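Visitor: Pick one part of this model and take me through it closely, please. I'd like to follow how its pieces fit together, with the cut-offs spelled out as we go.

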Amino acid sequence: MQKRHSLIVKLTLATSLILIGFMVLLDYLNVKNFQKVMQEYSISTADQMAEIINQSAYDAMLKNDKESLYKMIDRIGKGKSVDHIRLIDREGRIAYSSNNKEIGTVIDKSAEACAMCHKGKDPKLYASTMHRSRLFTNSEGKEMLGLTNAIYNQPTCAVASCHFHQENQKVLGLLDIEVSMANMRLKTQEYHAQFFVIACVMLLITGGSLTFLTQRLVNRPVQRLVRHTTLVSAGDLNSRVPAASGDELGELAKALNRMTENLKMAHEELTRWGYNLEEKVEERTVEIKKIETQLRRSEKLASLGKLVAGIAHEINNPLTGVLLYSSILTADKRLDPELKPDLERITSESQRCADIVSRLLEFSREAVPRKEAVSLNALLDKVVTLVHKQPTFSEISIIKDYSGHMSDILVDPNQVQQVFVNLFINASHAMPSGGTLTIRTCMINDDGFACAEIKDTGHGIDAEHLNHIFDPFFTTKADGTGLGLSISYGIVENNGGKIEVKSRLGEGTTFTISLPVYDNGFLDDIMI
């Protein structure tokens, strides 16, 4: 794993290097400037000293009092910073010097004291202070500052009685002063040391302040952001970053919080979608199983219908003969009265067999429904009117829970009425001691179906029989044929609807019939 370098360490190092470089440059420029100021100060001091000596020399020459001049020069020459003072006449001869050994010697024009004014062919009569000063190192290795000051011929000198100078002689001589720069260097070093200490203290204070501010304003928010991203990457989408500041880091924290919230919403949406997908798969599986069951039942009914049709036709002809002749014999006056009950029994049973054959033929035939738009509520009211006065409904309470927003259905009203009659009668048989029959209607808007629920409070249907109640000839009644629900199932299917059943033993049974809604646009397209 690659080692991570702390942001505060990087910022502190970078800032420290910049500050150190800045302090070094500032120290260099400051010391250079201080040296320049000190040098100018030394030159100014030497120039003032030279001016004092010049004035003293002027007074002494007027009085022709050289001794007092020389004594003054000796006293000045013994100063702490003055190393050497000498008077040079206009011929270059040293008239007097604080160093007695060089009195009377002649200085060449190329010497340092003379070269500044005698560089060209014509010597300079006047020169600035900076041009009259020089820095050099003496024979002892000491750094020295030399200043040459010209002694000019004054008008009084040309007419004085002590001595005579021609008026055209502008410069009478030179005063050369050499001052030691050791004191200046010492001051410079002291200043340099003081500035270095101050710079180091300022560097420490500035570096510490920057480190503290960086830690508080940058490093801590960044660490919170890093911890937040670590938590989010670990799956903790409830983590949030405090966004107290209004700077860029605060905006970044708010953006990360928004991103985390969006990730949480997306994750929850995916989770819900996954759960919904599982539920939808289960629902589709149940629907597919129901469809498979319906297909198998339809195939079974179709096959059985063909078989029953053939058998019914074969039985119907001889059965009709038996019923006919038994009726004729019963009506014959020559019949022995003792045989008449037997013949009536034969006739009734033959009629019963004929009814069964008729229902078999009805089951085998798939009559094409004559569809029309009818009100489901009105159709149910009509069926209730037909059956509620029958003896089996005397102890049964009928509750109507009709929806007031029902659309018309597109079915064969006679066939659907037959289905409802059969279901109502079955419900009454399931409640021999009385009960409640609830009829409820509603709309299934998503599928375009109108729904009718017929619920009784009878004894219910056993779970093992529930999957076989629509099979032909399956019945739990002693006198039943097992064709009523089979015929009802076929009618509902032919009219484009669905029939479902739910039941529990001891609680009752609920039949749900879904029938297609009448669509004006669909019929108009067909008519066109």
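Guide: Let's settle the vocabulary before anything else: helices (H or I, at least four residues) and strands (E, at least two) are DSSP runs, numbered from the N terminus. What you're looking at is a predicted model, where local features need pLDDT of at least 70 and side-chain atom pairs count only at pLDDT 80 or more, while totals for chains, interfaces and linings use all residues. Residues are numbered from 1 along each chain as its sequence is written, and side-chain values use heavy atoms, with hydrogens and water left out.

By that count the protein has 12 helices and 12 strands. Of its 528 residues, 33% are buried, where buried means under 20% relative accessible area, exposed over 50% and partly exposed in between, using a 1.4 Å probe and protein chains only.

The part I'd pick is an open sheet of five strands, arranged β7-β9-β10-β12-β11 with mixed pairing. Two strands pair here if DSSP finds at least two bridges between them. At the edges sit β7 (396-401) and β11, each pairing on one side only. On average, neighbouring strands in this sheet are turned by 15° against each other, direction ignored. For angles like this, axes are lines fitted to C-alpha atoms, for helices over the stretch in contact, and the values run from 0 to 180 degrees between N-to-C directions.

Zoom in on β11 and β12: they pair in the antiparallel sense over seven bridges. Within that pair, V501 faces F511 of β12.

Now add the helices. α8 lies across β7, β9, β10 and β12, running at about 160° to β9. α9 packs on the sheet too, touching β7, β9, β10 and β12, and its direction makes about 20° with that of β10. Contact, by the way, means heavy atoms within 4.5 Å.

α9 also meets α11: their axes come within 9 Å and cross at roughly 145°. The crossing is left-handed, meaning that the near helix is turned anticlockwise from the far one by less than a right angle (clockwise would make it right-handed). On the α9 side the contact uses Q415, V416, Q418, V419, N422, L423 and N426, and α11 brings G484, L485, I487, S488, I491 and V492.

What sits between these pieces? A nonpolar core is a set of buried Ala, Val, Leu, Ile, Met, Phe, Trp, Tyr and Cys residues joined through side-chain atoms within 4.5 Å. The largest one here has 38 residues, and L376, F420, F424, F511 and I513 have the most contacts inside it. At least two residues of this core come from each of α8 (376-387), β8 (409-411), α9 (413-430), β9 (435-444), β10 (449-456), α11 (484-494), β11 (498-504) and β12 (508-516). I513 is a handy one to click on: setting aside neighbours within four places in sequence, it touches F420, L423, A450, C451, A452, I454, V492, K498 and I499. There's a second, separate core of 17 residues, with M49, V82, L147 and L175 among them.

Back to the first region, have a look at T392, in the loop between α8 and β7. T392 is partly exposed because its relative accessibility is 36%. Its side chain makes a polar contact with the side chain of S428 at 3.5 Å. That term covers a pair of N or O atoms within 3.5 Å; within protein, one must be able to donate a hydrogen and the other to accept it, and residues adjacent in sequence count only if both atoms are side-chain atoms. Leaving out neighbours within four places in sequence, T392 is in contact with S428 and H429. T392 and S433 are 41 residues apart in sequence, yet 9.3 Å apart in space, C-alpha to C-alpha.

For comparison, turn to another pair of strands. β3 (residues 133-137) and β4 pair in the antiparallel sense over five bridges, with R134 bridged to G146 in β4. Five residues separate the strands in this hairpin, and G141 there has a positive phi near 85°. β4 (residues 143-152) is mostly covered, with eight of its 10 residues buried.
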